[in-house]
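Dear colleague,

Please find below the structure that I am handing over to you. My notes on it follow.

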Amino acid sequence: MTRVPIAGVGMTKFGKQGERTAREMFAEAAGKAFEDAGLAPDDVDEVFYGNFMGEIAEQQGHSGPLAADAAGVTGPATRIESACASSGAAVRHGINRVRNGDVDVVLVGGAERMTNLSTAEGTAGLASAADALWEVKAGVTFPGAYSLMANRYFDKYGGTREDLAHIAVKNHEHAVENELAQFQRSIDIDDVLTAPTVCSPFGLYDCSPMSDGGSAALLVSESFAEERDLGPEVAIVGTGQSSDQMALQDRASMARAPAAERAAAAAYDDASIGAEEVDVAEVHDCFTIAEALAIEALGFYDEGEGIDAATNGETAIDGDLPVNLSGGLKAKGHPVGATGCAQISELTKILRGDHVNSDAVKDSEIGLTHNAGGTVASCVVNVLEVIQ
């Protein structure tokens with residue numbers, strides 16, 4: 001294990017800001033990260049930028065150098081695309097570059113502009129993360145794909161609509177005081193159960209929203225941090241990535257997430273910890289069932305037991321394992337290219353004590369981020385630890 005200090009983090013408010021370009025939002029997030037770290041663009045050796053829908057939403061490809069220029073950086077820049085795991089993968093690329101000794105400072109993050117599209121256009125754009133030949137042509141969208149996973153989970157393990165509702169209610173409650181979240185309002189079980197149906201068993205509140213936003217982090221070598229007297233409080237100590245078959249019908253089970261299981265196993269091994277040592281987690285709850293699948297794949301719960309966690313209060317802010325204290329994708333928002341690094345930004349602040357929900361987990365030392373692409377055909381898991 002070689003730890004990679006997080007010198008600074010930054011993100012925009014997530015939500016509807018469709019008049020802003022992705023490059024503008026990334027520039028804002030990067031500027032906040034520079035201010036947080038006490039560093040300047042000239043200090044950056046390389047940039048990895050996550051973006052998924054640039055060609056669809058903005059007719060803009062080749063966005064790596066564009067994002068770097070917007071952030072004021074002249075070093076080499078690469079766009080990373082892995083659907084909703086794009087900036088999680090960008091973070092992992094940055095980690096590996098620092099660990100290999102190739103760079104001392106890397107700017108990682110991502111941005112997405114989505115709400116300038118109509119609902120139909122946005123849904124079609126997101127569907128391009130599914131198998132175009134065998135799923136998209138058959139009319140599959142992601143609410144439909146995840147509803148298949150939810151129904152299969154219920155058939156195999158049990159669980160109810162109410163259990164899903166508890167996940168949504170919990171994450172909305174966590175976002176109430178988070179000024180960067182898209183939805184800063186409480187909801188109750190009845191709100192979820194009586195909301196318009198999107199695709200059974202999901203109603204409106206089971207689904208993450210279309211969002212605009214950007215996120216960024218500055219990862220540095222330990223020698224650079226010491227030389228510049230940066231005093232970072234949190235470091236990434238483990239990372240893992242895996243993938244799975246794209247199409248659901250090709251998988252052995254629709255009620256599990258093997259890519260997340262493998263990514264988590266690699267991250268735990270890299271960090272030399274077990275799942276039981278994680279104090280707090282930010283997981284990819286693009287739909288309510290996705291949180292249940294994630295906490296099982298990460299080893300926090302056995303198969304079929306994650307569905308009850310929110311219902312029992314175990315993953316709430318005062319539970320044994322708080323999950324998605326930022327509000328998660330469900331309430332914080334989900335500008336897909338920015339999400340993975342936003343998890344890093346939020347969890348870094350939670351662990352170092354300057355997040356609005358930090359007091360609830362003030363003794364936490366180890367945190368985990370889980371960022372998935374598609375129906376978890378891609379997954380990146382990172383382990384963060386307070387520097388002692």
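**Helix H11 and its surroundings**

The buried residues of H11 are Thr288, Ile289, Ala290, Glu291, Ala292, Leu293, Ala294, Ile295, Glu296 and Ala297. Please bear in mind throughout that this is a predicted model. The helix is mostly covered, with 10 of its 10 residues buried. Its buried residues pack against helix H6 (142–157), helix H7 (161–175), S6, helix H10 (258–271) and strand S10 (366–373). After H11 comes Gly299, which has a positive phi, near 85°.

One residue of this helix merits a separate description. Glu291 is found in H11, and its relative accessible area is 1%; because buried means under 20%, Glu291 is buried. Which side chain makes a polar contact with the side chain of Glu291? The partner is Lys170, at 3.0 Å. Leaving aside residues up to four places away in sequence, Glu291 touches Ile167, Lys170, Asn171, Val283, Asp285, Thr315, Val323 and Asn324.

**Aromatic pairs**

The count of aromatic pairs comes to 4. In the pair of Phe202 and Phe287, the ring centres are 5.4 Å apart and the planes are at 15°; planes under 30 degrees apart count as stacked, so this pair is stacked. Phe202 lies in strand S6 (residues 202–203), whereas Phe287 lies in the loop between strand S9 (280–282) and helix H11 (288–297), so the pair ties together parts that are 85 residues apart in sequence. Both rings belong to buried residues: Phe202 has a relative accessible area of 1%, and Phe287 has a relative accessibility of 8%. Tyr146 joins Phe202 and Phe287 in one aromatic cluster.

**The largest pocket**

The largest pocket holds about 810 Å³ of space. Its lining is made up of 34 residues, and those nearest the centre of the pocket are Leu126, Cys207, Ser208, Pro209 and Met210. Helix H5 (119–127) and H6 each supply at least two residues of the lining. Which element gives the most to the lining of the largest pocket? That element is H5, with 4 residues. Divided by class, the lining has 20 nonpolar, 11 polar and 3 charged residues.

**Backbone geometry**

Most residues other than glycine have a negative phi, and most peptide bonds are trans. Against that background, three places in the backbone should be brought to your attention.

- Ser200 and Pro201 are joined by a cis peptide bond, with omega at about 15°. Pro201 lies in the loop between strand S5 (197–199) and S6.
- His62 is not a glycine, yet its phi is positive, at about 50°. This residue is found in the loop between helix H2 (54–57) and helix H3 (63–70). With a relative accessible area of 66%, His62 is exposed, because exposed means over 50%.
- Val376 is likewise not a glycine and has a positive phi of about 60°. Its position is in the loop between S10 and strand S11 (378–386). At 7% relative accessibility, Val376 counts as buried.

**Arg97 in helix H4**

Arg97 lies in helix H4 (residues 86–99). Is Arg97 buried or partly exposed? At 28% relative accessibility, Arg97 counts as partly exposed, because that value lies between the limits of 20% for buried and 50% for exposed. Its side chain and that of Glu46 are joined by a polar contact of 2.8 Å. Apart from residues up to four places away in sequence, Arg97 touches Glu46, Phe48, Asp102 and Val103. Arg97 and Val220 are 123 residues apart in sequence, and their C-alpha atoms are 9.8 Å apart in space.

With kind regards

Technical notes: Residues are numbered from 1 along each chain as its sequence is written. This is a predicted model: local features need pLDDT of at least 70, side-chain atom pairs count only at pLDDT 80 or more; totals for chains, interfaces and linings use all residues. Side-chain values use heavy atoms; hydrogens and water are left out. Rings of Phe, Tyr and Trp (its six-membered ring) pair if their centres lie within 6.5 Å; planes under 30 degrees apart count as stacked, over 60 as edge-to-face and the rest as tilted. Buried means under 20% relative accessible area, exposed over 50%, partly exposed in between (1.4 Å probe, protein chains only). Contact means heavy atoms within 4.5 Å. A polar contact is a pair of N or O atoms within 3.5 Å; within protein, one must be able to donate a hydrogen and the other to accept it, and residues adjacent in sequence count only if both atoms are side-chain atoms. On a 1 Å grid over the protein atoms alone, a cavity is a set of points where a 1.4 Å probe fits but cannot get out, and a pocket is an open set with protein on both sides within 12 Å along at least five of seven lines; lining residues have an atom within 4 Å of a point. Grid points are joined across faces, edges and corners, and a volume is the space filled by probe spheres set on the points. Ala, Val, Leu, Ile, Met, Phe, Trp, Tyr, Cys and Pro count as nonpolar, Asp, Glu, Lys and Arg as charged, and the others, Gly among them, as polar.
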